[in-house]
Amino acid sequence: MDGKFTRKARYVANGNETEPPTAQTYASVVSRDSVRIALLYAALNYLEVLSCDITNAYLNADCREKIWVQAGPEFGEDEGLVMIIKKALYGLKSSGASWRDMISQTMLDAGYENTYADPDVWRRRAVKDD
């Protein structure tokens, strides 16, 4: 580093202080075995494999329920105002499921389909040029 002090910040909700959600909050995760099988299949068939990391992933998904919060001191002159959370924040009980629903719909809209064995492994059929 060049001697400069840098910080990272993240908005986090106190999910432990919210009411239990009425909808399902489970968000599945791809298994290690599924990744290994998908990579083996791709290698055997000379397929291109794509992956990505989405920064601030939860902030891309809408919040499922209405959650009211009071602005803290970090909001300056707006401290004490009541706000509604619109995006799924880290710490909310339903954020993982909201993100999973949003990314699944995005993948479906892009023409991908999830596999029967693991719904978190996605593929899109294409004709390979010889």
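The largest pocket of this predicted model is lined by 40 residues. Leu50, Met107, Val121, Trp122 and Arg123 are the lining residues that lie nearest the centre of the pocket. The space in this pocket amounts to about 1,800 Å³. By class, nonpolar residues contribute 26 members of the lining, charged residues nine and polar residues five.

Three secondary-structure elements each supply at least two residues of the lining: helix 1 (32-44), helix 2 (95-109) and strand 4 (122-123). Of the contributions to the lining, that of helix 1 is the largest share, at seven residues. Trp122 and Arg123, both among the residues nearest the pocket centre, make up the span of strand 4 (122-123). Met107, also among the residues nearest the centre, falls within the range of helix 2 (95-109).

The pocket belongs to a protein with two helices and four strands. Along the sequence these elements follow the order α-β-β-α-β-β. Contacts between residues 24 or more positions apart account for 60% of the contacts in the protein with a separation of 6 or more.

The protein comprises 130 residues, of which 20% count as buried; here a residue is taken as buried when its relative accessible area is under 20%. The exposed surface of the protein totals about 10,900 Å², and 53% of this area is supplied by carbon and sulfur atoms.

Technical notes: Residues are numbered from 1 along each chain as its sequence is written. This is a predicted model: local features need pLDDT of at least 70, side-chain atom pairs count only at pLDDT 80 or more; totals for chains, interfaces and linings use all residues. Side-chain values use heavy atoms; hydrogens and water are left out. Buried means under 20% relative accessible area, exposed over 50%, partly exposed in between (1.4 Å probe, protein chains only). Contact means heavy atoms within 4.5 Å. Accessible areas come from the Shrake-Rupley method with a 1.4 Å probe; for residues, only the protein chains shown count as cover. On a 1 Å grid over the protein atoms alone, a cavity is a set of points where a 1.4 Å probe fits but cannot get out, and a pocket is an open set with protein on both sides within 12 Å along at least five of seven lines; lining residues have an atom within 4 Å of a point. Grid points are joined across faces, edges and corners, and a volume is the space filled by probe spheres set on the points. Ala, Val, Leu, Ile, Met, Phe, Trp, Tyr, Cys and Pro count as nonpolar, Asp, Glu, Lys and Arg as charged, and the others, Gly among them, as polar.
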